[in-house]
Every structure is written in C-alpha cells, then in structure tokens.
Amino acid sequence: MRAGLPEVYPRLWRYAVVMTGNRDWADDLVQATMVRALKKADLFDPKTHLDRWLFRMAQRVWLNELRSRKIRLGGGLVAAEDLTDSTLHTSEANIFTGQVLSHIARLPEAQRIAVLLVYVEGYSYADAAETLDIPIGTVMSRLAAARKKLSPLADEETGAAG
Amino acid sequence: MTHPREFSDEELTAFLDGEAEEALSTAITSALTPDLKLRLANLSTGVDAFRAEADSLLASAPPFPDLPDIDVAGPSNSRFWVGAGSGVVAAGLVASAIWLAGTFGGTSGEPWHVQVANYHDLYTPATLAKKPGATQRTEELTRLGTEIRRDLSSLPDVDRLNYCRAQPLGFAGDTLIQIAFISDQGVPFALCILQKDGEPSALKATTIRGMAAATWSDRTHRFILIGGADQPLINAAANVFSKAL
C-alpha cells in the first residue's frame with residue numbers, strides 16, 4: 001500500500017481540495033488520511049483500488065472528524081447541502097475566491113465530489129456510489145443537479161435574480 | 001393524441017453519461033425533438049470547464065512528502081515515534097495523529113504545557129515558512145478568539161516575532177489555540193492558550209524540552225510562550241502578551 005501512495009497522492013490532494021474548498025484544510029485532511037492509511041495498511045487488499053480506498057477514507061475523516069470543527073471556526077453551523085463554502089471561507093486558502101475555479105465553486109460539496117469522481121476520475125455510477133457510500137440514485141441526482149448548475153441557463157437565472 | 005414522454009434531468013444525465021439502461025437510451029434517442037436536444041446541450045455545457053479546472057488543480061498539487069515511520073501502540077491514547085522524515089511532514093503527520101486521537105494527548109499523563117512543548121519541538125523553520133497578510137491574520141485571530149472566548153484580534157506585535165498562523169487544537173476536551181511565529185533568525189515560536197478554569201499565576205520563565213518558555217494564567221485561561229533558547233526574548237514577548245490578552 002505504501003508503495004502506491006506517491007502515485008495517488010496528487011489525486012488525493014485534489015479530492016481533498018474539492019471536498020473541503022480550502023487548500024489548508026485539504027492539507028490537514030490529506031495528512032490525517034495518510035496517517036490513518038498507514039495505521040490501517042494491513043487492512044488494504046492489494047487486489048482492490050488504492051485510490052478508492054483512500055478517497056473513501058478521506059471522506060470519512062472529513063465527515064466524521066474534521067468538518068464540524070472547520071465549520072464551527074467558520075462562524076456557525078451550516079446544513080451540509082448548503083455548503084457552497086464561499087460564505088465560510090474568507091482566507092487566502094479558500095479556493096472559491098477569484099475566478100480560477102469558478103465552475104467548481106458553483107457547486108455545493110456533495111455535488112462537487114460526485115462530479116469529480118465521475119467526470120474527472122472516470123468512475124462509474126456504481127464505483128462512485130461505493131466510494132461515497134451512497135445509493136446510485138443519489139449519485140445520479142447529484143450529477144443531474146450539478147449539470148444544471150454548471151449550465152449556461154443557470155448563469156442566466158442568476159443574472160436575472162441579481 | 002399521445003403526448004411525448006417527459007424525461008427527467010436524472011434520466012438525461014444518465015443518458016449523457018452512458019449509464020442509462022437500454023430501454024431509456026432507446027426512448028431518448030427516439031424522442032430527440034429540438035427542445036430535448038437543447039436540454040441535452042445545456043446539461044452538457046459546463047462539465048468540460050469543471051474538468052479543466054480540476055486538471056489545473058492537479059497540476060498544482062504539492063510534492064509527495066517523505067513519510068516517517070509511525071509506530072502506534074494501542075488505541076487513541078497512543079504515543080508517537082517520528083522517524084527520519086522532514087520536520088515539516090513529521091510535524092504535520094504527528095499533529096494529524098494527535099488530532100485523530102481526539103485530543104492533544106490528554107490521556108498520556110503529561111501536563112498540557114509539556115505536550116505543547118513536545119509538539120513544538122518538531123517544528124523547523126520550514127514548518128512556518130508561510131507568512132500571511134494582515135487581513136488573514138486578523139481574520140484567523142478573530143475566529144479563534146471566538147472559539148476560545150478571549151479577544152485575540154488585537155494581539156500586539158512583538159519585536160522580532162513574525163506572525164505565521166493560528167490554529168485550533170484541543171487538550172483533554174478543552175479548547176487549545178496555537179499562535180505560531182517565526183523570528184527574524186528563522187526560529188519557530190508558539191503562543192498557546194488553553195481555555196480552562198483555574199487559579200491565576202504570575203508570569204514565570206522556564207525551560208521545557210530544552211526550549212525557553214514562559215507560562216502564566218488567569219481564572220479562565222492558561223498560557224505558554226515557547227521556542228528557541230533566547231530566554232530574554234521569550235520573557236519580553238510574554239510580558240507584552242500577558243498584559244494584552
């Protein structure tokens with residue numbers, strides 16, 4: 001397992017950045033995930049995919065251990081589905097300032113991760129569902145909602161409302 | 001007259017992704033009116049831009065760190081031995097391990113300020129290379145001040161100590177804040193504040209783990225400033241901080 005980490009590391013980091021919306025938090029999350037992975041290395045089945053194992057572990061660490069603390073520091077509890085992050089992150093590590101990652105920034109956390117796994121990492125719906133530990137239907141819903149948010153029509157609606 | 005079937009966004013998404021069952025794919029392909037084609041086009045636009053942004057993120061990923069050997073004995077109240085890794089990674093991974101353990105080693109028996117010293121002993125100049133701007137400093141201190149119920153936003157500047165970052169930690173369930181500095185000579189310093197009720201104590205110079213330190217407390221918080229070997233610098237800085245906080 002340890003020998004495979006260098007190859008997966010950049011993708012794990014990207015996964016953490018997209019999930020947390022903050023480079024510093026992603027650094028913390030990746031470090032915490034690596035520690036957990038090294039401690040549980042004997043549980044990894046070499047016949048399975050290391051990236052999925054690590055992504056799943058990072059998600060659990062984030063959701064179960066780190067995210068609530070980060071949200072508290074951000075100034076208040078926010079419903080998970082409403083985490084568009086721009087309201088939480090005001091530091092320079094916030095990836096949603098500026099226009100460089102504007103499309104990623106449009107989506108709430110759950111949709112960002114689904115899009116990253118399926119449209120960037122190339123996971124099937126089933127693999128994404130297994131990695132995220134959610135039903136396939138939920139993956140499909142998140143992807144559909146993300147596609148709508150990313151479409152030009154969403155820009156027009158936002159412009160009309162603003 | 002039969003009405004054309006309406007397809008949901010989920011169904012169209014599955015079709016676009018090649019995940020639709022054969023019957024659905026056939027139904028959509030057979031019903032490609034101009035409106036449906038427009039819906040499919042609109043659902044397709046934007047994904048490429050997301051993909052491009054994700055690729056740019058990948059290109060900016062940090063290098064793979066040297067992994068120290070981590071020997072963990074027991075469950076969450078583990079002791080951690082750090083092997084020959086870089087100071088930056090060692091500090092980060094040990095900090096993460098401590099974090100995962102739930103608290104800052106609250107079950108190891110050592111007082112909080114000693115465990116702060118253990119943690120700080122891992123720091124190297126590279127650990128604190130990044131120095132934020134004034135806005136980020138104010139924002140960090142304001143947020144963490146709320147966390148620890150002590151106004152940190154007006155933390156004074158101290159000659160020769162350059163602010164690097166502030167972060168939340170924890171000790172035995174109590175809130176612990178670390179404010180990290182680096183001196184002009186590249187020596188890391190830390191001002192740590194533990195929110196815990198107790199008796200006040202006067203400023204006291206000391207040495208912990210070979211590092212110069214100063215401790216003091218009031219009825220609701222305990223403080224330690226630690227780093228390097230320059231006791232006069234520590235004493236002078238602690239004097240300023242203890243009056244201001």
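Here are four short exercises, each with a worked solution, on a predicted model with chains A and B.

**Exercise 1. Getting to know the two chains**

Describe the secondary structure of chain A and of chain B, then set out how much of each chain is buried.

*Solution.*
Step 1: Start with chain A, which has 8 helices and 0 strands. Reading from the N terminus, its elements follow the order α-α-α-α-α-α-α-α.
Step 2: Turn to chain B, where you will find 8 helices and 8 strands.
Step 3: Look at burial. In chain A, 56% of the 162 residues count as buried, while in chain B the figure is 44% of 245 residues.
Step 4: Finish with the contacts whose separation is 6 or more. Residues 24 or more positions apart make up 65% of these in chain A and 51% of these in chain B.

**Exercise 2. Finding the nonpolar cores**

Locate the largest nonpolar core, and work out which element gives the largest share of it.

*Solution.*
Step 1: Count the members of the largest core: it has 63 residues, and A:Tyr15, A:Leu54, A:Leu117, A:Val139 and A:Leu143 have the most contacts inside it.
Step 2: Trace where the members come from. Helix H1 of chain A (residues 5–20) gives the largest share, with 10 residues.
Step 3: Zoom in on A:Leu54. Setting aside neighbours within four places in sequence, A:Leu54 touches A:Leu5, A:Val8, A:Leu12, A:Thr33 and A:Ala37.
Step 4: Now look beyond this core. Apart from it there is another core of 26 residues, including B:Leu155, B:Phe181, B:Leu191 and B:Trp216.
Step 5: For background, nonpolar side chains in soluble globular proteins tend to be buried together.

**Exercise 3. Reading the interface**

Characterise the contact between chain B and chain A by its area, its residues and its polar links.

*Solution.*
Step 1: Begin with area. The two chains bury about 4700 Å² between them, and 65% of it is on carbon and sulfur atoms.
Step 2: List the participants: 54 residues of chain A and 48 residues of chain B take part in the contact.
Step 3: Check the polar links. There are 3 salt bridges between the chains; for a worked example, pick B:Asp17 and A:Arg147, whose side chains form a salt bridge with an N to O distance of 2.7 Å. Counting pairs with both residues at pLDDT 80 or more, 11 residue pairs are in polar contact across the interface.
Step 4: Map the chain B side onto its elements. Those supplying at least two residues each include helix H1 (9–16), helix H4 (47–59), helix H7 (134–148) and strand E3 (161–171). The largest share, 10 residues, comes from H4(B).
Step 5: Sort that side of chain B by class, which gives 25 nonpolar, 11 polar and 12 charged residues.

**Exercise 4. Two helices of chain A**

Explain why helix H6 of chain A (residues 125–132) is described as largely enclosed, then place A:Gln111 in its surroundings.

*Solution.*
Step 1: Count the buried residues. Helix H6 of chain A has 6 buried residues out of 8, so the rest of the structure largely encloses this helix.
Step 2: Name them: A:Tyr125, A:Asp127, A:Ala128, A:Ala129, A:Thr131 and A:Leu132.
Step 3: Step just past H6(A), where A:Asp133 adopts a positive phi of about 60 degrees.
Step 4: Move to A:Gln111, which sits in helix H5 of chain A (residues 109–120). With a relative accessible area of 8%, A:Gln111 falls under the 20% cut-off, so this residue is buried.
Step 5: Identify what surrounds A:Gln111. Leaving out neighbours within four places in sequence, A:Gln111 contacts A:Arg142, A:Ala145, A:Ala146 and A:Lys149.

Note on methods:
Residues are numbered from 1 along each chain as its sequence is written. Chains are lettered from A and ligands numbered from 1 in the order in which they are written. This is a predicted model: local features need pLDDT of at least 70, side-chain atom pairs count only at pLDDT 80 or more; totals for chains, interfaces and linings use all residues. Side-chain values use heavy atoms; hydrogens and water are left out. A nonpolar core is a set of buried Ala, Val, Leu, Ile, Met, Phe, Trp, Tyr and Cys residues joined through side-chain atoms within 4.5 Å. Buried means under 20% relative accessible area, exposed over 50%, partly exposed in between (1.4 Å probe, protein chains only). Helices (H or I, at least four residues) and strands (E, at least two) are DSSP runs, numbered from the N terminus. Contact means heavy atoms within 4.5 Å. Buried area is the accessible area (1.4 Å probe) that two parts lose on being put together, summed over both. A salt bridge is a side-chain nitrogen of Lys or Arg within 4 Å of a carboxyl oxygen of Asp or Glu. A polar contact is a pair of N or O atoms within 3.5 Å; within protein, one must be able to donate a hydrogen and the other to accept it, and residues adjacent in sequence count only if both atoms are side-chain atoms. Ala, Val, Leu, Ile, Met, Phe, Trp, Tyr, Cys and Pro count as nonpolar, Asp, Glu, Lys and Arg as charged, and the others, Gly among them, as polar.
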